[in-house]
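User: Please take a close look at a single part of this model and set it in the context of the whole chain. I should like one connected account.

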Amino acid sequence: STSKTYYDLPDASYTFYVKAKDQSSNVDLTPASSSFQVDATPPTIINKIPSPNATNVLVAINIQVTFSEPMNQNATESAFSITPSVNGAKTWTTNTLIFNPSSNLAYSTIYTVSISSQATDLTGNPLSSTSWSFTTEPKPNNSPNTPTNISPDNGADKISLTPTLQSSAFSDPDIGDTHQASQWQVRESSGNYSNPVYDSGADSV
């Protein structure tokens, strides 16, 4: 076989022909030809989800990275990392790598996504290493649990004119939340709470 090496060809499409000649100067009348594309341009990232420095990011989000050209998917997946570490699955849609965490991200946490130069395009041109960060949303604060009546019993009769109303102790699904106030309202059986006979107000302790 014969070969010829060319150096530093610019990005472009090329076609080469090769023909043979023997010692008697007979030349091949049907030269072989082939076309190829030179690609020396490294890939870039053209979109990031979440965007760099984003705040209040939903904890159920999928992380997406879109590249400027088709990538070596195995190499690019290996180059992807997230800190703090998160388990999940990687899939592709065209030139977009999608990371789907196996569970929701943590609340109020700064995550950093990194992609090393191990990521390459189909020619082997490496991506410049890059990283960016985002912050997830704070944990939502839930309403207190609904009180249950303790006294008087439901349906009780012959109650004194100065009854003492009691309800269950304050409880809240969010650890650390404390009681601030309670509102007591009394209505007649045929009435409604928009026009009660007694209303302690929303700030009653």
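The part in question is strand β8 and what surrounds it. Where does strand β8 lie, and which strands pair with β8?

Analyst: The model is predicted, and the account below begins with the strand itself before turning to its surroundings.

Strand β8 spans residues 96–101 and is mostly covered, with five of its six residues buried. One partner of β8 is strand β7, residues 88–93, which runs antiparallel to β8 and is joined to it by six bridges. Within this pairing, alanine 89 has asparagine 100 of β8 as its bridge partner. The hairpin of β7 and β8 has two residues between the strands, and in it threonine 94 adopts a positive phi near 55 degrees.

Another partner of β8 is β5, again in the antiparallel sense, here over four bridges. Threonine 66 stands opposite threonine 96 of β8 in this arrangement.

The loop that follows β5 deserves attention. Glutamate 69 is placed there, between β5 (63–67) and α1 (73–79). Setting aside residues up to four places away in sequence, glutamate 69 touches Asp39, Thr41, Pro42, Pro43, Asn95 and Asp121. Glutamate 69 is buried and yet has no salt bridge; lysine 48, the nearest side chain of opposite charge, is 16 Å away.

The segment before β7 has a feature of its own. Proline 84 sits in the loop between β6 (80–83) and β7, and the peptide bond joining threonine 83 to proline 84 is cis, with omega about -5 degrees. A cis bond also links isoleucine 49 to proline 50, with omega near -5 degrees; proline 50 belongs to the loop between β3 (45–49) and β4.

From β4 one can follow a further set of pairings. Strand β4, residues 54–57, runs parallel to strand β10, residues 130–136, and two bridges join them. Here alanine 54 has phenylalanine 134 of β10 as its bridge partner. Strand β9, residues 110–115, pairs with β10 in the antiparallel sense over six bridges, and isoleucine 115 is matched with threonine 130 of β10.

Towards the N terminus, alanine 12 lies in strand β1, residues 12–18. Its relative accessibility is 27%, so alanine 12 counts as partly exposed. The C-alpha atoms of alanine 12 and glutamine 37 are 5.9 Å apart, although 25 residues separate them along the chain. Apart from neighbours within four places in sequence, alanine 12 contacts Phe36, Gln37 and Val38. In the loop between β1 and β2 (32–38) lies serine 25, which has a positive phi of about 70 degrees although it is not a glycine.

Lysine 158, likewise not a glycine, has a positive phi of about 55 degrees and lies in the loop between β11 (149–151) and β12 (166–167). Lysine 158 is exposed, because its relative accessible area is 83%, above the cut-off of 50%.

As for the whole chain, its secondary structure comes to one helix and 14 strands. The radius of gyration is 35 Å, whereas a compact globule of 205 residues would have one near 17 Å. The C-alpha atoms fill a box of roughly 130 × 30 × 25 Å along the principal axes. Buried residues make up 20% of the 205 residues, which sets the context for β8, where five of six residues are buried. Of the contacts with a separation of 6 or more, 53% are between residues 24 or more positions apart. The protein exposes about 14,500 Å², of which carbon and sulfur atoms supply 48%.

Technical notes
Residues are numbered from 1 along each chain as its sequence is written. This is a predicted model: local features need pLDDT of at least 70, side-chain atom pairs count only at pLDDT 80 or more; totals for chains, interfaces and linings use all residues. Side-chain values use heavy atoms; hydrogens and water are left out. Buried means under 20% relative accessible area, exposed over 50%, partly exposed in between (1.4 Å probe, protein chains only). Lys and Arg count as positive and Asp and Glu as negative; His and the chain ends are not counted. A salt bridge is a side-chain nitrogen of Lys or Arg within 4 Å of a carboxyl oxygen of Asp or Glu. Contact means heavy atoms within 4.5 Å. Two strands pair if DSSP finds at least two bridges between them. The radius of gyration is taken over C-alpha atoms; the globule rule is 2.2 Å times the number of residues to the power 0.38. Accessible areas come from the Shrake-Rupley method with a 1.4 Å probe; for residues, only the protein chains shown count as cover.
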